[in-house]
Amino acid sequence: MPTNPMDPFTVLIDLENGTMPDNTNYLKRNASDMRGHYANNEAMENLISDNGDPLHYEVFETPVPEDVGQLMYCLSRLQPGKVGDEFFMTKGHYHTVEATAEIYLCLKGQGYMLMKTADGKCAAEEMSRGRMVYVPPFWAHRSVNTSKDEPLISFCVYPANAGHNYGDIEQEGFPKRIFERDGRVVIE
Ligand code: F6R
Ligand code: ZN
């Protein structure tokens with residue numbers, strides 16, 4: 001028996017709105033937090049100045065201890081929109097403990113999970129209601145909302161000790177981006 005066992009608990013998830021109403025951790029990123037991540041920096045500056053620095057995405061958590069054996073979970077809610085012709089996306093990260101996987105269950109919306117490895121592999125898996133993306137260990141991941149008017153909402157589960165490494169993605173970027181061209185979604 002562990003010396004300090006945790007008690008079981010439940011958390012309410014609002015499946016319709018994609019929120020965790022009783023969250024104790026709330027992260028919000030606006031357009032200005034995403035500078036440097038999109039292909040068109042000028043379009044990003046115009047979006048910030050002309051559209052009041054719009055909300056990009058939110059993450060709701062009720063954290064558990066970051067110990068080996070625990071599972072962290074969260075709700076991620078990514079707004080629709082574009083920077084130039086590139087769809088809104090999350091920053092993306094490797095896990096600090098690289099050999100840790102993650103599950104994303106898409107609850108609502110339409111988009112892609114873009115993934116890459118440090119040695120150059122890249123993958124894009126479709127996200128839509130009921131589809132689960134398995135992000136294997138060692139793969140950096142970023143979600144992209146390709147809907148015109150609906151948030152992309154996912155429930156994520158990953159080892160609580162995984163941690164987030166944003167720095168490498170800020171330097172490397174992803175080999176592919178997702179654009180709207182002539183009304184079509186293009187990954188290139
Ligand atoms: C956790 C995870 C997600 C993301 C969230 C926001 O490991 O992958 O909960 O943290 O979708 O994206 P980032 O962290 O890239 O800003
Ligand atoms: Zn992750």
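This report describes the zinc site, the ligand 1 site and the strand pairing of a predicted model.

**Zinc site**

In this model the zinc ion (ligand 2) is held by His93 (NE2), His95 (NE2), Glu102 (OE) and His141 (NE2), at 2.1 to 2.3 Å. The site has 6 donor atoms, and the angles among them run from 73 to 173°, giving an octahedral arrangement. For reference, the ideal angles for six octahedral donors are 90 or 180 degrees. Along the chain, the donors of the zinc ion (ligand 2) are spaced as H-x1-H-x6-E-x38-H. His93 and His141 bring distant parts of the chain together: His93 sits in the loop between strand 5 (86–87) and strand 6 (102–108), His141 belongs to strand 10 (residues 140–145), and 48 residues separate the pair. Both His93 and His141 are buried.

The loop that carries His93 also contains Thr100. Thr100 counts as buried because its relative accessibility is 8%. Its C-alpha lies 6.1 Å from that of Ala162, although Thr100 and Ala162 are 62 residues apart in sequence.

**Ligand 1**

Around ligand 1 there are 17 residues, of which Tyr57, Gly92, Glu102, Tyr104 and Tyr166 come nearest. Glu102 thus appears in this group as well as among the residues that coordinate the zinc ion (ligand 2). A polar side-chain atom of Glu102 is 2.8 Å from an oxygen atom of ligand 1. For Tyr104, the distance from a polar side-chain atom to an oxygen atom of ligand 1 is 2.6 Å. His141, another residue that coordinates the zinc ion (ligand 2), has a side-chain N or O atom 3.2 Å from an oxygen atom of ligand 1. Ligand 1 on its own has 390 Å² of accessible area, and the protein covers 98% of it.

**Strand 10 and strand 3**

Strand 10, which contains His141, is largely enclosed by the rest of the structure, because 6 of its 6 residues are buried. Its side chains alternate in direction: His141, Ser143 and Asn145 point one way, Ala140, Arg142 and Val144 the other, and all are buried. Strand 3 (residues 71–78) is also mostly covered, with 7 of its 8 residues buried.

**Strand pairing**

The antiparallel pairs below include those made by strand 10, strand 3 and strand 6.

| Strand pair | Bridges |
|---|---|
| Strand 7 (residues 110–116) and strand 10 | 6 bridges |
| Strand 2 (residues 55–61) and strand 3 | 5 bridges |
| Strand 3 and strand 11 (residues 152–159) | 8 bridges |
| Strand 6 and strand 9 | 4 bridges |
| Strand 6 and strand 11 | 5 bridges |

Individual bridge partners locate these pairings in the chain. Met113 has Ser143 of strand 10 as its partner. Strand 3 supplies Cys74 as the bridge partner of Glu61, while Tyr73 is matched with Val157 in strand 11. Strand 11 thus pairs with strand 3 and with strand 6. In the pairing with strand 6, Leu105 stands opposite Phe155 of strand 11. Glu102, which coordinates the zinc ion (ligand 2), has Val135 in strand 9 as its bridge partner.

**Other local features**

Glu180 is part of strand 12 (residues 178–181). With a relative accessibility of 18%, Glu180 counts as buried, because the cut-off is under 20%. The side chain of Glu180 makes a polar contact of 2.9 Å with that of Lys148.

Phe138 and Asp182 are non-glycine residues with positive phi values, near 80° for Phe138 and near 50° for Asp182. Phe138 lies in the loop between strand 9 (132–135) and strand 10, and Asp182 in the loop between strand 12 and strand 13 (184–187). Phe138 counts as partly exposed because its relative accessible area is 48%. Asp182 has a relative accessible area of 79%, so it counts as exposed.

Notes: Residues numbered from 1 in each chain as written. Chains lettered and ligands numbered in written order. Predicted model: local features only at pLDDT ≥ 70, side-chain atom pairs only at ≥ 80, totals over all residues. Heavy atoms only, no water. Donors = N, O, S within 2.8 Å, 3.2 Å for Na, K, Ca; no water. Tetrahedral: all angles 85-135°; square planar, octahedral: opposite > 155°, others 65-115°. Helix = DSSP H or I, 4+ residues; strand = E, 2+ residues; numbered from the N terminus. Buried < 20%, exposed > 50% of the residue type's maximum accessible area, 1.4 Å probe, protein only. Near = heavy atom within 4 Å. Polar contact = N/O pair within 3.5 Å; in protein donor to acceptor, adjacent residues only side chain to side chain. Areas by Shrake-Rupley, 256 points an atom, 1.4 Å probe, with all protein chains shown as cover. Pairing = 2+ DSSP bridges.
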